[in-house]
Amino acid sequence: MNEQGTAARIVAVAERILRDEGADAVSMRRVGQAVGVTAMAIYRHYPSREALLRAVADRGARALAERWIRHAPTGGLEERVSAALDGFLDFALGDPHLYRFLILDAWAGARRFPEDFRDGQGPPFSVLTGLVEEGMRTGLLREDDPLEVAMTVTSSVQGLVQQYLSGRIGMDEADFRALCHRSTWRVVNGLRAKAEA
């Protein structure tokens, strides 16, 4: 195995463990055993467990953004916002351990709002911010700070997802997804540009 291939395999295995069992299950020893290297060998590629988890986070965030971009419909802005929401819900409900790690957990190097989002360091968030900016350019949304508007829209859904994953919302998944769509559009409709008289 070459060094670059080993580093990529280490991250892939750490991500698989995190997805299956959560971030607490990721240890250098366990990842090393699964990759076929010693725990100490991992430190040549990642100087700490936190650095390894950051690499997992970067990989997961990039993959999510790429999936959103690849599967985005070519229709109008409202259709693309709904598709982005569906993609987010697919991720959050289908991959809850990775979702919790990327969105909810406090870990060393986690991106912080707003400084780490202004220059595109949060790939999935950048996709939504682009949709918000387009909405402002086209007159669908009133002019405002695009990052703050994107945070406002996403926070509502993230709160609902957190409650759903913790068993606090007693709906089946289809009804829950419909609730998320209604809630998102309530927020977006409140941000719409007012029609001129």
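Me: What makes Leu64, Arg67 and Trp68 in H4 count as meeting residues of H5?
Reply: In this predicted model, these three residues of H4 meet Ala84, Gly87, Phe88 and Phe91 in H5, where contact means heavy atoms within 4.5 Å. The residues of the contact divide into five nonpolar, one polar and one charged, given that Ala, Val, Leu, Ile, Met, Phe, Trp, Tyr, Cys and Pro count as nonpolar, Asp, Glu, Lys and Arg as charged, and the others, Gly among them, as polar. Local features need pLDDT of at least 70, side-chain atom pairs count only at pLDDT 80 or more, and totals for chains, interfaces and linings use all residues. Residues are numbered from 1 along each chain, and side-chain values use heavy atoms, with hydrogens and water left out.

Me: Why is H4 called oblique to H5?
Reply: Helix H4 (residues 49-70) and helix H5 (residues 77-94) pack at an angle of about 140°, with their axes 10 Å apart. H4 is therefore oblique to H5, since angles under 35 degrees count as roughly parallel, over 145 as roughly antiparallel, 65 to 115 as roughly perpendicular and the rest as oblique.

Me: How do you know that the end C-alpha atoms of H4 agree with the expected span?
Reply: At 1.5 Å a residue, the 22 residues of H4 should span 32 Å (1.5 Å times one less than the number of residues), and the end C-alpha atoms are 31 Å apart, which agrees.

Me: Why does Thr154 in helix H8 count as buried or exposed?
Reply: Thr154 has 14% relative accessibility and therefore counts as buried, a term for under 20% relative accessible area, with exposed over 50% and partly exposed in between (1.4 Å probe, protein chains only). Thr154 touches Phe125 and Leu128, not counting residues up to four places away in sequence.

How values were computed:
Axes are lines fitted to C-alpha atoms, for helices over the stretch in contact, and angles run from 0 to 180 degrees between N-to-C directions. Helices (H or I, at least four residues) and strands (E, at least two) are DSSP runs, numbered from the N terminus.
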